[in-house]
Amino acid sequence: MINLDTPKKFRAFVGQANQVAAEFLRANSRKYDLAEHAYPKELDLLASLVDGMGDSGQGQGAGAAGVRRGEDEITKGKVKNGTNLSSVLSVIEMCWGDVGLLLSMPRQGLGNSAIASVATDEQLERFKGTWAAMAITEPSFGSDSAAIRTTAVKDGDAYVLNGEKIYVTSGDRADSVVVWATLDKSMGRAAIKSFVVPKSLPGIRVERLEHKLGIKASDTAVILLDNCRVPAENLLGNPEIDTKQGFAGAMATFDNTRPLVAGMAVGCARAALELTRELLEDAGVAIDYDRPLAVQPHAAATFIQMEADWEAALLLTLEAAWLADNRKPNSVEASMSKAKAGRVGNEITLKCVELAGTLGYAETELLEKWSRDSKILDIFEGTQQIQQLIVARRLLDLTSSQLR
C-alpha cells in the first residue's frame, strides 16, 4: 500500500505552513482578488518570519525558492537532504491558502529558484536577500524557451541586454529579474544564458501590468530591456557556450521549478476538494469508498474519481522532488508532475464548481476563484502539451528536431 502521509520530520513544519496559509493567505484571499495590483502588505510580516526561520536554520524551505543540486552539495553539507521535498510540501500548503498571494511572497519568486539552482557560491552570497522575478516568455513565443530573441552582447566587463519580456510574475514588485537571453543567435539553444538584472540599472523598465483571469493578487508585468548594461559577473553559472551540453544547462532550472508549480496545482485542487466535500455532505450526499462507483450518486462517484486523480498528481510531484533531493536525474519526472498536476488541478477545480452548483459560481465561496487561479498552473513553466512532448522525447531518446 502506498503511504501518502507526510514524513514525520516534516509534520511540524507542514502544520505551521498550513496555519500560515489559513491565517495570512486564505484570510486575505478574496480581498486581493478584488483589489488587483494592490500590494498585499500583510505579506511583509510573513516574509520577515520566513527569512528569520531560514537564517536560524529552522526553516525547511518556503515559497518557490529552489535548492542547488551539484554533485557534492549534499556531501559537503551545503544542502540538507529533503529541501526540495519540504519546499514542495510548503508550496502545497500555501496554495491551499492562496496561489496569487504565495506568488507575491517577497524573496520567494521563481527567479530566486533559478538563482538557488545554478548560481556559483559567490553569486549565492552576493544575491542573498534579493527578490528575483523570472523573465523568459517573449511576444514571439510561449513555451518554446529555445526561441528566445532577447540578446546579450559582451562589452568589456558587462553584457548589453536588449529585448522584451512578457508575463513576468512579480515583475513590478521584485527588485531584480532573472532574464534569459542569447549570447549568439547563430549558436542556437546552447547560447542561451540567464542574467540577474537589478531593476535599479538604467535600461530596464516595467512597461505595464497585465489584467488577468486569476492570481490577481500577483502582479504580472511586461518588461523592456533597452541597452541595459549588466555586470558580467551577473551571468548565472558558466559563461562559456557549450555546444555539447546545448540547452540542457539552462533548462536544468526547470527540474527544480516544475515540481514546485505542480505543488501549487496540488494545493489549490486540495482546497477545492475539501470545500466540495463539505458542501456535498451538507446536501446529504454520502461519499462511500467501500461501494462501487456505479451504485453511488453521480456527485459522490465523481468526487472519488477526482480524489484518485489528485493523489496521482501528488505522488508524481513528491517523486520529482525526492529525486532532486537525492541527486538523481528528475527531468522526466519533473515534466510528468507538471503535466499531470496542471491538467487535473484545473479539471478538479472546474468540476468542483459544477458539483457545487450556484454555490460554486458565486463569490460567497472561493470555488470560483480557485477555478480561475488554477488555470495558469496548467500554462506557465511549460504547458502540459510541452511537458508531454518533453517526456516523449526522453522516453523515445529523440531530439527536439526529431520530435516536434
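Let me start with a single contact: R26 lies over the face of W96, and the distance from the ring centre is 4.0 Å. Please keep in mind throughout that what we are looking at is a predicted model.

Stepping back to the whole protein chain, we have 404 residues, of which 53% count as buried, and the secondary structure consists of 13 helices and 7 strands. If we take the contacts between residues at least 6 apart in sequence, 74% of them join residues at least 24 apart. The chain exposes about 17,900 Å², with carbon and sulfur atoms supplying 53% of that area.

Now to the aromatic rings, where the count comes to 2 pairs. In one of them, Y159 and F195 are arranged edge-to-face, at 5.1 Å centre to centre and with 65° between the planes. Y159 belongs to strand 3 (residues 158–169) and F195 to strand 5 (residues 192–198), so this pair ties together parts that are 36 residues apart in sequence; both residues are buried.

The pair of W180 and F254 is tilted, with 5.4 Å centre to centre and 35° between the planes. Here W180 lies in strand 4 (residues 176–182) and F254 in helix 8 (residues 248–282), so parts 74 residues apart in sequence are tied together. W180 counts as buried because its relative accessibility is 1%, and F254, at 3%, counts as buried too.

Finally, the surface: L395, L396 and L398 make a nonpolar patch of about 290 Å². Within that patch, L398 sits in the segment after helix 13 (384–396), and its relative accessibility of 31% is why L398 counts as partly exposed.

Terms used: Residues numbered from 1 in each chain as written. Predicted model: local features only at pLDDT ≥ 70, side-chain atom pairs only at ≥ 80, totals over all residues. Heavy atoms only, no water. Patch = residues over 30% accessible without salt bridge, like charges linked within 9 Å, V, L, I, M, F, W, Y side chains within 5 Å. Areas by Shrake-Rupley, 256 points an atom, 1.4 Å probe, with all protein chains shown as cover. Salt bridge = Lys/Arg side-chain N within 4 Å of Asp/Glu carboxyl O. Helix = DSSP H or I, 4+ residues; strand = E, 2+ residues; numbered from the N terminus. Buried < 20%, exposed > 50% of the residue type's maximum accessible area, 1.4 Å probe, protein only. Contact = heavy atoms within 4.5 Å. Phe/Tyr/Trp six-rings, centres within 6.5 Å; stacked < 30°, edge-to-face > 60°. Lys NZ or Arg CZ within 6 Å of the ring centre and 35° of its normal.
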